[in-house]
Amino acid sequence: MTIVIVMMNLMNDPESLSKIVENSLVGLIIVDENLRIRYVNNVVEMTTGYRKDEICGIDVFELVVPEHHEKVAKAYKKGIGGKPVFLEISYLTKNNERRWVWGYVLPMKIGNELLGVGNWIDITANKVLQSKLRESEEFHRSLIEDSIAPVAIIQNGVFAYVNKAFEEITGYRKEEITGKNPFKFIHPEDIDIVAEKYQRLISGKSDVESHDFRVLSKSGEEVWARVRGTRITYKNEPAVAITGIDITEIKKSEEFHRSLIEKSLAPIHIVQNGKIVYANESFENIVGYRKDEVSCMENLGLLIHPEDREYVLKKYRSIETGEEESSDVSFRIITKSGEVRWVTARLVRINYQGKPAVASTAMDTTEIHTLTSELERKSDYLSLLNKMLRHDILNDLTVIRAAIEVKDDGLFKTAMSRIDRISRLIYEAKNLEIAGDVRKEINLAEVVREVAESFEEANIKLNLEEVNVIANEGIKTVVFNLLNNAVKHSGKSDVEIVVETHAENGWGVLVVKDNGKGIPDEIKDKIFEEGFSSGWGTGVGLYIVKKIVELYGGSIVVKDNEPSGAVFIVRLPKKFTERCA
């Protein structure tokens, strides 16, 4: 009521009314029944670019773009009938710029003249925004709809939208999928993990989730998809948009290569940060550990022989850090049963689960290393036997021949002793050859008892602990020569000999003591040399003893006994596991 009173008062005050109309934020245009412009306010003047004196009197059709002339004509007919007209048309400004205007025209009879009084609202900016929005929507709709990647929107637990690629990958049409529970299309074994990730998204605990899982197509085929889910707002409600790619062929390829690796005859494993993160069946077979036992190991070094560990681990680190791309390395491993085996591995730098790692393809080269070692030992044996035959035996045969030719009784006794010596050398050569045979566990105490029985007249005391060493029948030669040396070369007729055996830090120890005159310090290092003789040995016996012991991987030393005599200490290897205990 107040507004009406104000308007009535303004009608009595034309000047105030004119100010309001002229300065209104909304344009005002008045046209006559011939559609000629009779009046415009400041807003129309500013938006069209025409001055009032330029625009008043012109035909409306001169402003409106040609394609909207018909629309204006229809509106005119409607207005003549006395009805309000709503228009949205495009017009041209004075500088020929195309713009949009919206308004309504109300037929009004003023005096005897029918006029059309209308509002003029320039909506060009809105039109531009609408056009851009429409273009953007069409662009993105086209991108999504025609994308080669399957796209779907899940809302309220059902499919709200799927694109063409989603239809193709599943074999279902849109109408068969839309409104359906998405979990009906997922392989039963993958449902739980997918449902968990979906709940994280829809509850807002996560914005993005990714996973590989199997989709069941309409034909029943299993299709592997790599899917990324994103939490979005769709039609003003929470939803999950998923995009994916078909990785079925990739999975088949992975399965093929995984099968090749898993069933490979070559042991293969992957090491990352010093730990074994993958091992195939052949690797299990060679080390004797199951995969779960290997993966629980603190580090790779637990499988490597202590003497090779530092060098091999350094190699693995240099490959993983990129200092080297690949390398070949041979080293010893310790199996679950404690057996020591040789492997030759090729180490290659790879990416495993997105991080640098080392892939190792190995060969069991134990037999090759064993044969090589045996060949080296055989070579040493043959060289030694050859020296013995050429040097000692030939020299003794020369003495025997001279004795026969001269027929001297004294020389004959010497010849007989040389014959005994040759026999002994042949026996020693036989035992040395035996020492090159395959080694096994032998009870050292039993060997000592057996050999000691052959020295019936000697005063030998035994203090024996049962201990097994890795040797063979050649160990008897070692014991015999040490006892024989003590009996014959101690420099004492009533010599007392004590023989001990015991275990010490994983080694079997043989100790032979006598209370004779001992061995001078200046020749202690020489008595084991080939051919050395100074009343302390045969010149061959102790040399052969040392050679056999070293072939077993052991050692021999001589020390002074207290208060007199000599002590020979032989250390022989036990099983590797006992040495590491």
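So, how many helices and strands are there in the protein? There are 20 helices and 22 strands, where a helix is a DSSP run of H or I with at least four residues, a strand is a run of E with at least two, and both are numbered from the N terminus.

Quick housekeeping before the tour. This is a predicted model, so to speak only of what passes: local features need pLDDT of at least 70 and side-chain atom pairs count only at pLDDT 80 or more, while totals for chains, interfaces and linings use all residues. Residues are numbered from 1 along each chain as its sequence is written, and side-chain values use heavy atoms, with hydrogens and water left out.

Overall numbers, then. Of the 581 residues in the protein, 39% are buried; buried means under 20% relative accessible area, exposed means over 50%, and partly exposed is in between, using a 1.4 Å probe and protein chains only. If you take contacts (heavy atoms within 4.5 Å) with a separation of 6 or more, residues 24 or more positions apart account for 50% of them.

Let's go to the sheets. Two strands pair if DSSP finds at least two bridges between them. One open sheet has five strands in the order β7-β6-β10-β9-β8, with antiparallel pairing. Its edge strands are β7 (158–162) and β8 (208–216), each pairing on one side only. Neighbouring strands here are turned by 35 degrees against each other on average, direction ignored. Helix α10 (residues 191–202) packs on this sheet and touches β6, β8, β9 (222–234) and β10 (237–246). The direction of α10 makes about 145 degrees with that of β8; for these angles, axes are lines fitted to C-alpha atoms, for helices over the stretch in contact, and the values run from 0 to 180 degrees between N-to-C directions. Over at the β7 edge, four bridges join β7 to β6 (residues 151–155), running antiparallel, and Gln155 has Val158 as its bridge partner.

Now scroll along to another open sheet of five strands, also antiparallel, in the order β12-β11-β15-β14-β13. Why is one side of β12 (275–279) and of β13 (326–334) without a neighbour in the sheet? Both stand at the edges with a single partner strand each, so that side is left free of a neighbour. The twist averages 35 degrees from one strand to the next. β13 pairs with β14 (residues 340–352) in the antiparallel sense over nine bridges, and Val329 stands opposite Ala345 in β14. Helix α14 (residues 306–320) packs on the sheet, touching β11 (268–272), β13, β14 and β15 (355–364). The direction of α14 makes about 150 degrees with that of β13.

On to the cores. By nonpolar core I mean a set of buried Ala, Val, Leu, Ile, Met, Phe, Trp, Tyr and Cys residues joined through side-chain atoms within 4.5 Å. The largest has 39 residues, and those with the most contacts inside it are Ile475, Leu482, Leu483, Leu510 and Phe568. Elements that each supply at least two residues of this core include α17 (444–452), β18 (468–471), α18 (475–489) and β19 (496–504). Apart from it lies another core, of 23 residues, among them Val312, Tyr316, Ile333 and Val358.

Back in the largest core, click on Phe568. Not counting residues up to four places away in sequence, Phe568 touches, among others, Leu482, Leu510, Ile527, Phe528 and Leu542.

Next, α17. Leu444, Ala445, Val447, Val448, Val451 and Ala452 are buried there. Seen down the helix axis, the buried residues fall within an arc of 160 degrees, so they line one face; that arc is taken from the directions from the axis to the C-beta atoms. Asn443 caps the N-terminal end of α17, with a side-chain oxygen 3.0 Å from the backbone nitrogen of Ala445.

Last stop: buried or exposed, what is Thr501? Thr501 sits in strand β19 and is buried, with a relative accessible area of 2%. Its side chain reaches the backbone oxygen of Glu465 at 2.9 Å. Leaving aside neighbours within four places in sequence, the contacts of Thr501 include Leu444, Ala445 and Val448. For contrast, Lys488 in helix α18 is exposed, at 59%.

Terms used. A polar contact is a pair of N or O atoms within 3.5 Å; within protein, one must be able to donate a hydrogen and the other to accept it, and residues adjacent in sequence count only if both atoms are side-chain atoms.
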